[in-house]
Amino acid sequence: MKRPDIMKRAARNLRQAKGRTLLTSLAIAVGAFTIATSLAAGEGARQYADTIIKSNVDPQSVFVTREQMNDAAMISGGLREYSETSGELGGVSMQMLTADDLTTLKGIFGVHQVRPAYLIFTQFVTFEGVDGRFTSDVTMYDPTVLATVTAGTLPQLGEQIAVNEAVIPESYANTLGKQPSELVGKTLTLTLVKAGKTPSEAEVQETMLTGGLEAVKALYAQETREVPLTIRAVSAQSSTSFSASAAVFISDAKGEELSNWLTEGTDQYQQYISATVMVEDGADVTQVKAAIKDKGFSAMTAQDISGMIFTMVNVLQGIVTGFGVLALIASVFGIINTQYISVLERTSQIGLMKALGMPGRAVGKLFRYEAAWIGAIGGLIGVVLAYGIGTAMNPWITETLTLGEGNYLLIFVWWQNVLLIVGLMLVAIVAGWFPSRKAAKLDPIEALRTE
């Protein structure tokens, strides 16, 4: 073969080799991009969840419920045994806490205060100066969390709002078409409906005989109560605060009053879905939690809540990472294919190197280094793309998901990305082991005869 032909063929092989290498590196980059993004999203979600927990859950608090009823009753609405101390919330049947349970919790060593969660179900809510009726949840104002406000003022941390005051979220002002400052000082009225007692058959008959049909209707009549509250503040819309949830916040005292009125004369009187136990400063929260569980309650600390959230984040992160791993598995075969073709195209060169004294081990290392280079390029491209796109999209993601100023979903940790690139290089080296072994075992005489 003439020398110009040899040179042209070598140049063509080089261009083809570069093209295959680039394509293989891009295949690796896809997997690297997916894994780097999932790592960043997992880190961002964990930091965000940690911020929420630290901002909203007092480390000296323990969330307490009664042990839930059997799992089958929770999953389905099937037949289940009646209990005077059970109730339903969102279709889930739960054992309720009683006044005696609260007394038991208060008697545990290290417990400073027990704050039950009162359930207030409203018929509708009205606002002064606004036409129409609205539905809204009602919950208790948490004095251990100092929310940011857009209008009005809140009491100091640890102090409760007044009995006839309420705090509403900023989203309510948007729905009502009002500026937050326009609502501060206005009256918010809760309309509650209390179901009448269920009379016995004898009572119905006696009432019918003495008062007629109208008296019977009155016997079944529901009692309505209007509760006017003064809007003290409008909390800022920030998803880093539980106090910014879509609910009207009232004081514990008002919550107890309304809850007792709604449930008086029923099996649910002075029963509560949950309670928050405040542990004294200096007391061991873990020991108090253990003592609460020994009394037959279910207890959860701020650390437990963080662990639950982190577990869910890790599961989701693992799912996304799995897609990246699938892309990398496909790219492994690409590396093997690229390296095998490279060995075939450079057979004569390998024979020449061996004829000049290069040992087979060194030839094998040469191809493994090339495989590592392919992995490094692919990993670097994927990581750089993930970092660039993620950094550019972070502000938009924060605004869209209302994560709050200074909070980002994608947080890239440098050492994670370095380990990812190194790991991809190792994967590439393993993938290139068979082709490099073939190159190392080539007979130099036979290799030199190959055109």
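Modeller: In this predicted model, a residue is called buried when its relative accessible area is under 20%, exposed when that area is over 50%, and partly exposed in between.

Colleague: Why does F412 count as buried or exposed?

Modeller: F412 has a relative accessibility of 17%, and since the cut-off for buried is under 20%, F412 counts as buried. Its ring partner Y387 has a relative accessible area of 48%, which falls between the two limits, so Y387 is partly exposed.

Colleague: What makes the pair of Y387 and F412 edge-to-face?

Modeller: The ring centres lie 5.5 Å apart with the planes at 65°; pairing asks for centres within 6.5 Å, and planes over 60 degrees apart count as edge-to-face, so the pair earns that name. Because Y387 belongs to helix α11 (residues 360–400) and F412 to the loop between α11 and α12 (414–431), the pair ties together parts that are 25 residues apart in sequence.

Colleague: How do you know that R225 sits over the ring of W261?

Modeller: The charged end of R225 is 5.6 Å from the ring centre of W261, and the criterion asks for a distance within 6 Å as well as a position within 35 degrees of the ring normal. R133 likewise lies over the face of F124, at 4.3 Å from the ring centre.

Colleague: Which residues have the most contacts inside the largest nonpolar core?

Modeller: They are L105, F127, I168, L188, L190 and I292, in a core of 43 residues, to which strand β11 (residues 223–235) gives the most, with four residues. F127 is buried, as its relative accessible area is 7%.

How values were computed: Residues are numbered from 1 along each chain as its sequence is written. This is a predicted model: local features need pLDDT of at least 70, side-chain atom pairs count only at pLDDT 80 or more; totals for chains, interfaces and linings use all residues. Side-chain values use heavy atoms; hydrogens and water are left out. A nonpolar core is a set of buried Ala, Val, Leu, Ile, Met, Phe, Trp, Tyr and Cys residues joined through side-chain atoms within 4.5 Å. Buried means under 20% relative accessible area, exposed over 50%, partly exposed in between (1.4 Å probe, protein chains only). Helices (H or I, at least four residues) and strands (E, at least two) are DSSP runs, numbered from the N terminus. Rings of Phe, Tyr and Trp (its six-membered ring) pair if their centres lie within 6.5 Å; planes under 30 degrees apart count as stacked, over 60 as edge-to-face and the rest as tilted.
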